[in-house]
Amino acid sequence: MKVSFWGTRGSLAAPSPETVRYGGNTSCVLVEGSEETRLVLDAGTGIQSLGLSLPPDLDRIDILLTHLHMDHIQGLPFFAPLRRRGIEVHIWGPASTTRSLNARLQKYLSPPLFPVSVRELAANLHFHELPGPLIKIGEFSIQAQLIIHPNPTIGYRIQCGKAVLAYMSDHEPALGALTFPRERAWTSGYALAERADLLIHDAQYTEAEYQTRMGFGHSSVRQAFLFARLAQVKHLVPFHYDPTHSDDELDKMFAAVKAEIRPSYEVTPSREGLSLEIAC
Amino acid sequence: MPQQEIEVILARHLSEYLLMPIFIVNTAGDLVFYNEPAEAILGLSYSETGMMPASEWSTVFQPVDAEGRTIPPDELPLVIALKERHPAHKVIWIKGLDGISREIEVTAFPLVGQADRFLGGIAIFWEKTTK
């Protein structure tokens, strides 16, 4: 399984000379299987470059949305395959209690927010609502479960052979917990992340920032490390950086938490252009 | 123990901040959590009892009506909320594990999550009198 990062930023795209190393595009990750099945995790602004890099004769691609906040869907109408006839694009994501996934996406893909509507896209679109039973897409088996973040938000556990990737771009497992981390059974996202080979997890804040932004749905870098330890993952990839954090600030944040927690697992901060392989 | 559903985790977190005694049960009716105010009714803390099967908690408090008649489990609000999946309310007398009889009002409702997932039920207790 190959995992490539096309957007690592959270909340708002942050292109700037100070964010060149980690990247300024919002959430987008490509997952490629051993039989060339491709999954796109989230459709932040990073999806535009990803779309342009895909083979033109692709006949199917699956986009797995965690939720419908703007930083996770803003790039969707700029995804080149959506403008191609003959390609099947499957969009997976959460409905709300009252609106379908398609109807929720149309709120963005319609005037005045955007000039092109969903039905004007050339691709053959299929919508799939989550959470639900185990999903099979090509060589991948995918569990989709709700995790703590404002508005329905999905975390994914993606398996290909023996390789397990857990993806929780926006996640606040510490919300409301009197202690964190607490017991595994009472920790949001634990079942998805348990013993994963690779965990891509929200790392938006410093500890001080978290204290003033509790309930916004995100984790501090330190909480991401503690969650990874609780879930006994092999490799943590911090992700979804706050748009105000420069490359140098992120370096300092990771160094400080690493020195304190001394993780027994590998840590590789996500950055645009990074590719990681997990043996299937 | 497998991970609880996200709505159940959030319900527990909320209950830990509230003054009202709250019980949370799973779809089988097993008591999966109760908060500190509920410990006063039970006479034991959650850390002491852990999960409690439905067959145990529905009888352990010896629920009776105002005339002292035993209330069968099927007529308890939380059991109604689980079996019939609608809210239920009743005034009952119970005897806690500390041996004290209390008159309490119970409001129970089923917990239904995203995608129409039935997740269990919640009961909130208001103590009226103590004997």
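Here is a short conversation about the predicted model shown above.

Visitor: What should I know about the model and its numbering?
Guide: This is a predicted model, where local features need pLDDT of at least 70, side-chain atom pairs count only at pLDDT 80 or more, and totals for chains, interfaces and linings use all residues. Side-chain values use heavy atoms, without hydrogens and water, ligands are numbered from 1 and chains lettered from A in the order in which they are written, and residues are numbered along each chain from 1.

Visitor: Which strands stand at the edges of the sheet S6-S5-S4-S3-S2-S1-S14 of chain A?
Guide: This is an open sheet of seven strands with mixed pairing; strands are DSSP runs of E with at least two residues, and helices are runs of H or I with at least four, numbered from the N terminus. Two strands pair if DSSP finds at least two bridges between them. Two members have a single partner strand each, so one side of each is left without a neighbour: strand S6 (124-130) and strand S14 (275-277) of chain A.

Visitor: Which residue stands opposite A:Leu30 in S3(A)?
Guide: Strand S2 (residues 28-32) and strand S3 (residues 38-41) of chain A pair in the antiparallel sense over four bridges. Opposite A:Leu30 stands A:Val40.

Visitor: What is the order of the other open sheet of seven strands?
Guide: Its pairing is mixed, and its edge strands, each pairing on one side only, are S7 (135-137) and S13 (266-267) of chain A. H6(A) packs on this sheet, touching strands S10, S11, S12 and S13 of chain A, where contact means heavy atoms within 4.5 Å. The order in chain A is S7-S8-S9-S10-S11-S12-S13.

Visitor: Are H6(A) and H7(A) parallel or oblique to each other?
Guide: The axes of H6 (residues 221-231) and H7 (residues 247-261) of chain A come within 9 Å and cross at roughly 40°. Axes are lines fitted to C-alpha atoms, for helices over the stretch in contact, and angles run from 0 to 180 degrees between N-to-C directions. Under 35 degrees counts as roughly parallel, over 145 as roughly antiparallel, 65 to 115 as roughly perpendicular and the rest as oblique. H6(A) and H7(A) are therefore oblique.

Visitor: How much area is buried between chain A and chain B?
Guide: Buried area is the accessible area (1.4 Å probe) that two parts lose on being put together, summed over both. The contact takes 24 residues from chain A and 19 from chain B. Carbon and sulfur atoms give 63% of the buried area, which is about 1600 Å².
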